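Student: I would like to learn how to read a structural model feature by feature, beginning with what it means for a residue to be buried. Could we go through one together?

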Amino acid sequence: MANWFIAFEVLRRADEELPVEDRDPELITYHEKTSHSTDAKDSLEWRHDFLLRKFLEAYPDIELKDDQRLFTHDQRMAIYRRDKGMCQLNIKCDGAKCDWDNWEADHIKPWAKGGRTTVINGQVACLACNPSKGDTHVVI
Ligand SMILES: [Zn+2]
């Protein structure tokens, strides 16, 4: 975690040297949130979410807790961003783009079969496809 934070800081400082149109908008917001009213609750929450998501994007194989079945908010953020909100199952849909409020984080290798709750084992599933996924494993 310490090494990651140092790498993040190097990246963040390099980003600050770029012309404003080439900068990562999230890093600009991060800078604003760390510069002004830094102890406001929403500012702290935003920074916590942002750093944790960046960390999970950098280390998608990290499992946050043992026996964790449900993806956390931050894991869902990282999965959704990586998959660009598009359903990866394509059982009932053709890679539908899902609204943030309208998708499930699906275990690629099912949790019941030992699949871990990690960003790398998670994928965006639309609500039409996700209930269908189990069916594909049923032998009739
Ligand atoms: Zn789908």
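Tutor: Let us start with the term itself: a residue is called buried when its relative accessible area is under 20%, exposed when that area is over 50%, and partly exposed in between. Please keep in mind that this is a predicted model. By that cut-off C87 is buried, and C129 is buried as well. Across the protein chain, buried residues make up 34% of the 140 residues.

Student: Which atoms coordinate the zinc ion, and at what distances?

Tutor: The zinc ion is held by four sulfur donors, namely the SG atoms of C87, C93, C126 and C129, at 2.2 to 2.3 Å.

Student: How should I read the angles at such a site, and what geometry does the site of the zinc ion have?

Tutor: The general idea is that four tetrahedral donors have ideal angles of 109.5 degrees at a metal. In this model the angles among the four donor atoms run from 102 to 115°, and the site of the zinc ion is tetrahedral.

Student: How are the donor residues of the zinc ion spaced in sequence?

Tutor: Their spacing follows the pattern C-x5-C-x32-C-x2-C. C87 sits in the loop between α4 (73-82) and β1, while C129 sits in the loop between β2 (122-125) and α5 (130-133), so this pair ties together parts that are 42 residues apart in sequence.

Student: Where do these elements fall in the overall order of the protein chain?

Tutor: The protein chain has five helices and two strands, and from the N terminus on they run α-α-α-α-β-β-α. Taken along the principal axes, the C-alpha atoms fill a box of roughly 60 × 35 × 25 Å. Of the contacts between residues at least 6 apart in sequence, 56% join residues at least 24 apart.

Student: How do I read the faces of a helix, and which residues of α4 are buried?

Tutor: An α-helix has 3.6 residues a turn, so residues three or four places apart point the same way. In α4 the buried residues are D74, Q75, A78, I79 and Y80, and what covers them includes α3 (41-58), β1 and β2.

Student: What is the phi of K84, just after α4?

Tutor: Phi of K84 is near 55°, a positive value in a residue other than glycine. K84 is found in the loop between α4 and β1, and it counts as exposed because its relative accessible area is 59%. N90 lies in the loop between α4 and β1, and its phi is near 55°, again a positive value in a residue other than glycine. N90 counts as partly exposed, because its relative accessibility is 41%.

Student: Which residues does I120 contact, leaving aside its neighbours within four places in sequence?

Tutor: I120, in the loop between β1 and β2, is in contact with P60, D61, R82 and I108. The C-alpha atoms of I120 and R82 are separated by 9.8 Å, although these residues are 38 residues apart along the chain. I120 is partly exposed, because its relative accessibility is 47%.

Student: Finally, how is a pocket found, and which element gives the most to the lining of the largest pocket?

Tutor: Rolling a probe the size of a water molecule over the atoms shows where empty space is left. The largest pocket holds about 320 Å³ of space, and strand β1 (residues 104-107) gives the most to its lining, with four residues. The lining residues divide into six nonpolar, two polar and four charged; among them are R69, F71, H107, W111 and N130.

How values were computed:
Residues are numbered from 1 along each chain as its sequence is written. This is a predicted model: local features need pLDDT of at least 70, side-chain atom pairs count only at pLDDT 80 or more; totals for chains, interfaces and linings use all residues. Side-chain values use heavy atoms; hydrogens and water are left out. On a 1 Å grid over the protein atoms alone, a cavity is a set of points where a 1.4 Å probe fits but cannot get out, and a pocket is an open set with protein on both sides within 12 Å along at least five of seven lines; lining residues have an atom within 4 Å of a point. Grid points are joined across faces, edges and corners, and a volume is the space filled by probe spheres set on the points. Ala, Val, Leu, Ile, Met, Phe, Trp, Tyr, Cys and Pro count as nonpolar, Asp, Glu, Lys and Arg as charged, and the others, Gly among them, as polar. Donors are N, O and S atoms within 2.8 Å of the metal (3.2 Å for Na, K and Ca); water is not among the atoms, so sites may look incomplete. Four donors count as tetrahedral if all angles lie between 85 and 135 degrees; four count as square planar and six as octahedral if opposite donors are over 155 degrees apart and all others between 65 and 115; anything else is irregular. Buried means under 20% relative accessible area, exposed over 50%, partly exposed in between (1.4 Å probe, protein chains only). Contact means heavy atoms within 4.5 Å.
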